Amino acid sequence: MRHDIWTYIMVMSVATIAIKALPLALIRRQIANPFLRSFLFYLPYVTLAVMTFPSIIQATQNPLAGVLALVLGVVLAWFGAGLPVVASACCLVVFVTESLLSAPV
């Protein structure tokens with residue numbers, strides 16, 4: 001079976017364009033349904049969370065370090081800490097946790 005990379009690229013391009021162009025072509029007026037509007041508003045955040053949360057836990061040598069960093073990051077963000085503070089604190093938690101868990105006993 002012969003695989004042609006250009007065929008794959010063409011099919012992927014058509015599918016991507018169709019996904020983006022169909023809503024623009026089919027929806028002519030503003031969406032009035034509050035449920036659908038809130039769904040579409042939060043969709044990018046949910047997609048980002050679904051892609052990010054597993055990576056946070058799996059990026060460390062020990063999943064416990066990732067979980068602790070995730071919990072600390074959520075708590076700090078909940079109380080209004082900025083991105084540099086949250087990122088620095090999470091990196092510090094991962095560093096300390098990895099150091100303590102990998103230290104020879």
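How far from the buried residue E98 is the nearest side chain of opposite charge? In this predicted model, the nearest such side chain is that of K20, 35 Å away. E98 accordingly has no salt bridge although it is buried.

E98 lies in helix α4, which covers residues 83-102. Its side chain instead reaches a backbone atom, the nitrogen of Q61, at 3.1 Å. Beyond residues up to four places away in sequence, E98 touches T60, Q61, N62 and A65. Of these contacts, A65 is also one of the buried residues of helix α3.

Helix α3 comprises 16 residues, from 63 to 78. At 1.5 Å a residue, a span of 22 Å is expected for this helix, and the 22 Å separation of its end C-alpha atoms agrees with that value. The buried positions in α3 are A65, G66, A69 and G73. Viewed down the axis of α3, these buried residues fall within an arc of 95 degrees, so they line one face of the helix. The packing partners of the buried residues are α2 (34-58) and α4. After α3 comes G80, which has a positive phi, near 95 degrees.

V71 also belongs to helix α3. This residue has a relative accessible area of 47% and is therefore classed as partly exposed, the category lying between the limits of 20% and 50%. V71 is separated from H3 by 68 residues in sequence, and the C-alpha atoms of the two residues are 46 Å apart in space.

Note on methods
Residues numbered from 1 in each chain as written. Predicted model: local features only at pLDDT ≥ 70, side-chain atom pairs only at ≥ 80, totals over all residues. Heavy atoms only, no water. Helix = DSSP H or I, 4+ residues; strand = E, 2+ residues; numbered from the N terminus. Buried < 20%, exposed > 50% of the residue type's maximum accessible area, 1.4 Å probe, protein only. Lys, Arg positive; Asp, Glu negative; His and termini not counted. Salt bridge = Lys/Arg side-chain N within 4 Å of Asp/Glu carboxyl O. Polar contact = N/O pair within 3.5 Å; in protein donor to acceptor, adjacent residues only side chain to side chain. Contact = heavy atoms within 4.5 Å. Expected span 1.5 Å × (residues − 1). Arc of directions from axis to C-beta.
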